[in-house]
Every structure is written in structure tokens, then in C-alpha cells.
Amino acid sequence: MILDYKTAKENFLVGQFDDCQKFFAQNGFMLEEGYCELVADNLERATALFEKIKNIDIRAHWGLYLISMIQLNPRICPTYFELRNFLEIDLNILITYGKGQYVRNILDYTDYMSRINPEIFKFIGRVFYKNGLKDEARYLFHRAKDVFYLDPELHYLIACMYLDNGDKKMALHYAKTCQEVLPEYYPAVNLEKMLQSVAKN
């Protein structure tokens, strides 16, 4: 039995649904209860919960947009900061709970979201990369370059991706590209030094 909010939230985020929904409902956590309903495929109930608190909780406003994408019928517009703060977290939740179709539906709106926040391809690529979907991540990272080339973190992520695949030459190339965009970007500087040290040995 879950006795505190922190445990309930941590359990939910790692896919241990168990008593999370009951705890959130009994203790008035409507946002969190809404997310439980979402991953349980009760989209109408999730929508009703988010509607109740959308004017006092920005995450609930975002949750309504998330559901509208899942239903392939966006009715509201997300903000730059909603996309920045919530999209990655929620995609990870959906992947954790095996909601592949929901994720595919959301991807239909990637181009639209990128017009609001040009980092969208990077955000989604990072989620895929962390979840082992490396081919999809590679495609999204390279799409991100076309939209927002001057993003040092993006080039660093691509470098790490190539390094994970054993392609040290391309990893070094992107580590250097990262520093061309932002000189002395510390992670890329360290990566370049490591790669050059390995090459010498």
C-alpha cells in the first residue's frame, strides 16, 4: 500500500502502476490521477480531470493538448515552455507503459510543434535514444540539424550516438562541430580529448 506522494509518483514514472491511481484519487491529486487514467486508456476521464484544473495547473493544460494529439484532433495550442518542460517526460511515460500507438499519433504533429519550439526533434530523439530506439533517434537528431543547426547539445548528442555505435571518426567529427557552434562546450571538449587519446594508443 502506497503511503506517500513521493513513492506513488516514483512508482508511476517507472511503470509500477499498482496502487498509484487509488492513492492519487483518494488524496486529491487530480493531475496525477489524470495521467493514471491516460495510461489506462481512459482518455475521457483523463480529459475531465485535466479540464477541472487547467486554469491553475499549466501541466493540466498541456495534458489536454497531449490527449488531443493522441486522438488526432488538436483543439488547443501548446506553448514553447510546455513543449520544453513536458514533452520528453510524457513521451517517456507513454513508452514505459507500452503506448506505441499514442506515441505514433503524437509524432504526426512533430513538424507543427517544431514551429513553436525548434528543439522538438532533439527532445523526441533524446527520448528514443534513452529507450534504445537508436535508428529512430538517429533520424530525429539529423532532422533536428535541419531545423536548429546552431544547437551545441544536439551535435554532442549525435557524437555520443556515433560513439555508442563504435564509429569514433564520426563521433570526433560531431564533437568538433559542437565546439564550432559553441567553443569550449565542456562535454564536447572532454569527448574530443578522450577520442584523440584513444586514437594515439
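## Close-up views of a predicted model

**View 1. E82 sits in helix α6, which spans residues 80-96.** Welcome to the first stop in this predicted model. Here E82 is buried, yet the residue has no salt bridge. If you look for the nearest side chain of opposite charge, you will find R59, 9.2 Å away. A salt bridge would need the charged atoms within 4 Å. What E82 does have is a polar contact of 2.8 Å, joining its side chain to that of H61. Setting aside residues up to four places away in sequence, E82 touches I58, H61, W62, C77 and L87. H61 is thus named twice in this view, as a polar partner and among the residues touched.

**View 2. N11 is a buried residue of helix α1, residues 5-13.** N11 counts as buried because its relative accessibility is 17%, and the cut-off for buried is under 20%. Who surrounds N11 once its neighbours within four places in sequence are left aside? The contacts are I2, Q16, C20 and Y97.

**View 3. L72 has a positive phi although it is not a glycine.** The angle is about 55°. To see what makes this worth a look, recall that most residues other than glycine have a negative phi. L72 is found in the loop between α5 (58-70) and α6. With a relative accessible area of 44%, L72 is partly exposed.

**View 4. E184 is another residue other than glycine with a positive phi.** Its phi is near 65°. Follow the chain to the loop between α12 (168-181) and α13 (186-200), and there you will find E184. Is E184 buried or exposed? E184 counts as exposed because its relative accessibility is 64%, and the cut-off for exposed is over 50%.

**View 5. The largest pocket has a volume of about 190 Å³.** Three elements give two or more residues to its lining: α1, α3 (30-39) and α6. Which of the elements gives the largest share of the lining? That is α1, with 4 residues. The lining residues are Y5, K9, F12, L13, F24, L31, E32, Y35, R59, I89 and I93. Two names here link back to earlier views: R59, one of the lining residues, is also the nearest side chain of opposite charge to E82, and helix α1, which contributes to the lining, is where N11 has its place.

How values were computed. Residues are numbered from 1 along each chain as its sequence is written. This is a predicted model: local features need pLDDT of at least 70, side-chain atom pairs count only at pLDDT 80 or more; totals for chains, interfaces and linings use all residues. Side-chain values use heavy atoms; hydrogens and water are left out. Buried means under 20% relative accessible area, exposed over 50%, partly exposed in between (1.4 Å probe, protein chains only). Lys and Arg count as positive and Asp and Glu as negative; His and the chain ends are not counted. A polar contact is a pair of N or O atoms within 3.5 Å; within protein, one must be able to donate a hydrogen and the other to accept it, and residues adjacent in sequence count only if both atoms are side-chain atoms. Contact means heavy atoms within 4.5 Å. On a 1 Å grid over the protein atoms alone, a cavity is a set of points where a 1.4 Å probe fits but cannot get out, and a pocket is an open set with protein on both sides within 12 Å along at least five of seven lines; lining residues have an atom within 4 Å of a point. Grid points are joined across faces, edges and corners, and a volume is the space filled by probe spheres set on the points.
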